[in-house]
Amino acid sequence: FQGQVFGFPVSGTRFMDVTIISIQQHGPAWLTGGAFGPEAGIFGPIADLIIILSAILYAKYALGSVRNRLNTRSQ
């Protein structure tokens with residue numbers, strides 16, 4: 001969506017010739033993601049953390065607990 005509609009680079013690939021809206025990014029690469037796209041800027045990891053924490057909080061309050069099941073083996 002961010003590439004085809006807004007014209008942002010997506011994982012370093014540009015869609016400038018087939019976009020609906022053309023946006024020009026300006027600013028430092030740490031903020032905008034530079035040539036890689038917005039997901040590589042500071043807001044990408046922040047959004048990831050918010051989503052992860054939201055999922056953990058949902059599991060804790062809706063399901064009653066949050067447990068790691070990766071190391072459990074049936075005996």
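A nonpolar patch of about 600 Å² sits on the surface of this predicted model, and the residues behind it are W30, L31, I42, F43, I46 and I50. Two elements each give two or more residues to the patch, namely α1 (29-32) and α2 (43-63). Of these, α2 puts in the largest share, with three residues. I46 is one of the patch members and is found in helix α2. Its relative accessibility comes to 39%, so I46 falls in the partly exposed class, between the 20% and 50% cut-offs. As for spacing along a helix, an α-helix runs at 3.6 residues a turn, so residues three or four places apart point the same way.

Helix α2 itself is 21 residues in length. From its first C-alpha to its last it covers 29 Å, which is close to the 30 Å expected at 1.5 Å a residue. Just past the end of α2 comes G64, with a positive phi of about 100 degrees.

Over in helix α1, T32 tells another story. T32 belongs to α1 and has a relative accessibility of 15%; that is under 20%, so T32 counts as buried. What packs around T32, once its neighbours within four places in sequence are set aside? The contacts are Q25, H26 and G27 on one stretch of numbering, plus G37, P38 and G41 on another.

F1, in the segment before α1, is out in the open: with 71% relative accessibility, which is over 50%, F1 is classed as exposed. Even so, its C-alpha lies 9.6 Å from that of T19, a residue 18 positions away along the chain.

Stepping back to the chain as a whole, the secondary structure is quickly listed: two helices and zero strands. The chain has 75 residues, and 15% of them count as buried; T32 is one that meets this label. Among contacts with a separation of 6 or more, 23% link residues that are 24 or more positions apart. About 6,200 Å² of the protein chain is exposed, and 64% of that area is supplied by carbon and sulfur atoms.

To pull the local pieces together, helix α1 holds the buried T32 and also gives at least two residues to the nonpolar patch, while helix α2 holds the partly exposed I46 and makes the largest contribution to that patch.

Definitions and conventions: Residues are numbered from 1 along each chain as its sequence is written. This is a predicted model: local features need pLDDT of at least 70, side-chain atom pairs count only at pLDDT 80 or more; totals for chains, interfaces and linings use all residues. Side-chain values use heavy atoms; hydrogens and water are left out. Patches are made of residues with over 30% relative accessible area and no salt bridge: like charges are joined within 9 Å, nonpolar side chains (Val, Leu, Ile, Met, Phe, Trp, Tyr) within 5 Å. Accessible areas come from the Shrake-Rupley method with a 1.4 Å probe; for residues, only the protein chains shown count as cover. A salt bridge is a side-chain nitrogen of Lys or Arg within 4 Å of a carboxyl oxygen of Asp or Glu. Helices (H or I, at least four residues) and strands (E, at least two) are DSSP runs, numbered from the N terminus. Buried means under 20% relative accessible area, exposed over 50%, partly exposed in between (1.4 Å probe, protein chains only). Contact means heavy atoms within 4.5 Å. The expected span of a helix is 1.5 Å times one less than its number of residues.
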